[in-house]
Amino acid sequence: MEENNNNNSDEESGSGGFNKRRAQGRDFKQNKKNLLLKVRKLNPTNTIAYVQILGTGMDTHDTSPSVLLFFDKQRFIFNAGEGLQRFCTEHKIKLSKIDHIFLSRVCSETAGGLPGLLLTLAGIGDEGLSVNVWGPSDLEYLVGAMKSFIPHAAMVHTRSFGPTSDDALVNDSQKLLDPIVLVDDEVVKISAFLLRPRNLERSRTSSGEMSVIYVCELPEIKGRFDPNKAKALGLKSGPKYSELQSGKSVKSDRFNKMVHPSDVMGPSVPGPIVLLVDCPTESYINELSSIVSLNSYYTDSDNPPECAKTVNCIIHLSPSSVTSNPDYQKWMGKFSSAQHIMAGHEMKNVEVPILKSSARIAARLNHLCPQLFPAPGFWSLQHPDNLALDSAASRKDHVSEHNESIPAENLLKFTLRPYVQLGLDRSNIPSLTTHSEITRDLLSEIPEIEEATKQVSNFWSSSTQDNKAMVEEPWLNVNTVPSCLQNIRRDDMEIVLLGTGSSQPSKYRNVTSVFINLFDKGSLILDAGEGTLGQLKRRYGVEGADNAVRNLRCVWISHIHADHHAGLARILALRRDLLKESRHEPVLVVGPRQLRTYLDAYQRLEDLNMQFLDCRSTTKSFWDTFEDNANSTKENVSVNSGSLSNDSNLFAKGSAMQSYWKRPSTPIDYDTIFPLLKRLQEVLDEAGLKSLISFPVVHCPQAFGIVLKAKERINSVGVVIPGWKIVYSGDTRPCKELEKASLGATVLIHEATFEDGLMDEAIARNHSTTKEAIDIGERAGVYRIVLTHFSQRYPKIPVFDEAHAHNTCIGFDMMSINMADLPVLPKVMPYIKLLFRDEMTVDELDEVLGAVEDF
């Protein structure tokens, strides 16, 4: 148990205390680990070896697929996009067995899952694990950025190669194209060839532009030893047989001559060779074609097969816009014996969920209550743009004229050992389970669901003249409905829970994120754990999610723990790409100051097109200062620094937390902050919001909650209706600041990491129990309480006391809570629990390899 300093903390936290050391960020200093890098005994005679497509991003097009190179005693993974850790949990790929991770590029698309993966490995067992990470020189920038929230020991074995962006290349540019040998042992040799776009200046390489081709060569398979030939050459059975098989020459026992391995061994079989090619845009193709060092692998007419190394399999990570280019196809034609696997995003994979466990839960919830759990937004192959499909089909046909080419599918294998099975293996490719099949199984398992579905539907069955207005059921007591919900339209706002788990992703729950959909007024994201973009695409479809990202007004991050922000860079990078051809403003990111350290360092790698505002600059006292001085010059600005540091009594003088709230001893840059606050106010106005206010909570250094208030509106008869109020707790122990902020809230989204019986653990980790979260909401007079951020020990449904069902609901991934549906919300919960009546509380920590909470 961590130190639990509770002096005066009951009054300050409003509950049973908190872990002061953790809140102040001093708990990890006494628990530093020297992470282990496993050294395995290699098996040069591997009986099993293969490459396999790990289909991260195949159904959502949000990240690069990964590739697994598997040996008996070693595992290599190429690319670690967001969702890799969750994918491995789903498909029982043990992260603890991974020895090396190779990045084909260093960007959010290929490395977004790396921070979470390193943290999970660091939390395995008592000592923790580390892993070798390889990438082009830009990897140094990523490592530098991750230092702000990942222990140094987890990144000791990161290794970059090639010239840095600050290096001037030598005149002989061919040196850049020479292979770099990274791994060379008795099991495999892995080399890297660097690519850069031809349109860059020859003297410099820009950050994030370097790409890599990886060549994996297995050792040759030695021919069979022939004992009859050995006897004929005068050798007696014994140790000399072994020496010959190991490649050594020996002297004949009967004749005065040397016997060489070639005299008694059959012909060797060349070892299999696999290439992984990442050519991100067409500007790289000329460079790809000019790599002279690859000539020895070509088997076209200019280089007959007997003179070349035979490449057996090429996995193309390049997008279809590149692989359809005639010059790229011509380059593919140089490998006449290779099996080409096209792993760029293909629309055919969109309808096949990669995470089948969560997709099954989502389908069952959708059958029961489609109003709260809309059907996944995957782009149905019956409705996409026909031109895109025709184009994809023509590309496939055109490539197949010259090469053995197939589209990648999730878990597709290419066997390398045993040699007699060399080639494609489709046996592990998941079959498509349709929605109707899941529904049929559900009705067979729980027959009562059919009647439950009808009853739930009745909650929405009444209609009004305005079909966008809130439906008020006869059983509802209108006096209990807040005035802010009177005549509210369905296109006013909805809360979409993109992730409701804590610590690391699991099969059933992704890590934390809340999407605030304001419809034609844009959207906000509150926290963005790893995989947030993928969840958006599962909810709204590929195109719908892109539109949501285009219209993103603001991203607000509660604290620096990775399960709350590791998906941010991917979203910002996508928004940059989607809007690069149009005029737009950088998106506002509001977060703790440690987040700015990370983002500033990350932007050396790729531009995120954002502006940053510290959460402390959005507290109520700072907003008051801003409003008081809105028309003042810098010389006339009047600021009470004490009020800024003591924005809450939680950190007031004499409190247990006084020493933590960093005193504003450093000058406050009003010239920078006030224009950003003005911009934020404009963004809020355009979104129909009155205010966005951050407030400190008790969890870790610089942890915050948030209050969002909507503007007043006027109904059809001219009556002024107050705006709704949404409060999101972030991660926290119960505290007075949260209770105060929640007073009269329409919705409180509160973390409930632990069940009530785990109070000690909740205090140690500065989280809340279910009852504590509900108590905060009830004391504050909240209309609806939505619980989220559940420990992964509750994989499907957490422990919940029925006594609180009248105003509280359990959050699920993809749950969409329209403001017009708030009165109905508690009525649905008993039926949702019916879905899980046979489910036991299962500790899923074994499946995520025992990673600690909130590393």
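Me: Where does His789 lie?
Reply: His789 lies in the loop between strand E30 (784–788) and strand E31 (808–810). Strands here are DSSP runs of type E with at least two residues, helices are runs of type H or I with at least four, and both are numbered from the N terminus. The model is a predicted one, in which local features need pLDDT of at least 70 and side-chain atom pairs count only at pLDDT 80 or more, while totals for chains, interfaces and linings use all residues. Residues are numbered from 1 along each chain as its sequence is written, and side-chain values use heavy atoms, with hydrogens and water left out.

Me: What is the phi of His789?
Reply: Phi of His789 is near 60°, a positive value in a residue other than glycine.

Me: Is His789 buried or exposed?
Reply: His789 counts as buried, because its relative accessibility is 1%. Buried means under 20% relative accessible area, exposed means over 50%, and partly exposed is in between, with a 1.4 Å probe and protein chains only.

Me: How many residues apart in sequence are His789 and Thr753?
Reply: They are 36 residues apart in sequence, and 5.5 Å apart in space, C-alpha to C-alpha.

Me: Which residue that is not a glycine has a positive phi of about 55°?
Reply: Lys92 has that value. Lys92 lies in the loop between H3 and E4, and counts as exposed at 66% relative accessibility.

Me: And where is the place of Lys94?
Reply: Lys94 is in the loop between helix H3 (84–90) and strand E4 (100–102). Lys94 also belongs to a patch of positive charge on the surface, where it gathers with Lys41, Lys73 and Lys97. Patches are made of residues with over 30% relative accessible area and no salt bridge, with like charges joined within 9 Å and nonpolar side chains (Val, Leu, Ile, Met, Phe, Trp, Tyr) within 5 Å. Lys and Arg count as positive and Asp and Glu as negative, whereas His and the chain ends are not counted. The place of a charge is NZ of Lys, CZ of Arg, CG of Asp or CD of Glu.

Me: Changing topic, how many salt bridges does the structure hold?
Reply: The structure holds 24 salt bridges, each being a side-chain nitrogen of Lys or Arg within 4 Å of a carboxyl oxygen of Asp or Glu.

Me: Which parts of the chain does the pair of Lys309 and Glu217 link?
Reply: The side chains of Lys309 and Glu217 meet in a salt bridge at 3.5 Å, N to O. The pair links distant parts of the chain, 92 residues apart: Lys309 is in the loop between helix H10 (285–289) and strand E13 (313–316), and Glu217 is in strand E9 (residues 211–217). Lys309 is partly exposed, with a relative accessible area of 37%, whereas Glu217 counts as buried at 12% relative accessibility.

Me: Why are Asp624 and Lys620 separated by about one helical turn?
Reply: They are separated by about one helical turn because they are 4 residues apart in helix H21 (residues 620–628). Their side chains meet in a salt bridge at 3.2 Å, N to O. Asp624 is partly exposed, with a relative accessible area of 30%, and Lys620 counts as partly exposed at 49% relative accessibility.

Me: Which residues do salt bridges that share partners join into one network?
Reply: Arg105, Glu109 and Asp278 are joined into one network in that way.

Me: On to the interior: how many residues has the largest nonpolar core?
Reply: The largest nonpolar core has 106 residues, and Leu69, Phe78, Val188, Ile190, Tyr214, Ile315 and Val589 are those with the most contacts inside it. A second, separate core has 98 residues, including Cys700, Val707, Ile797 and Leu822. A nonpolar core is a set of buried Ala, Val, Leu, Ile, Met, Phe, Trp, Tyr and Cys residues joined through side-chain atoms within 4.5 Å.

Me: Where is the place of Met146?
Reply: Met146 is in helix H6 (residues 139–146). Met146 is buried, with a relative accessible area of 0%. Met146 and Tyr598 are 452 residues apart in sequence and 6.5 Å apart in space, C-alpha to C-alpha.

Me: Finally, which residues does a cis peptide bond join?
Reply: A cis peptide bond joins Arg417 and Pro418, with omega about 0°. Pro418 is in the loop between strand E16 (413–417) and strand E17 (423–425).

Technical notes:
Accessible areas come from the Shrake-Rupley method with a 1.4 Å probe; for residues, only the protein chains shown count as cover.
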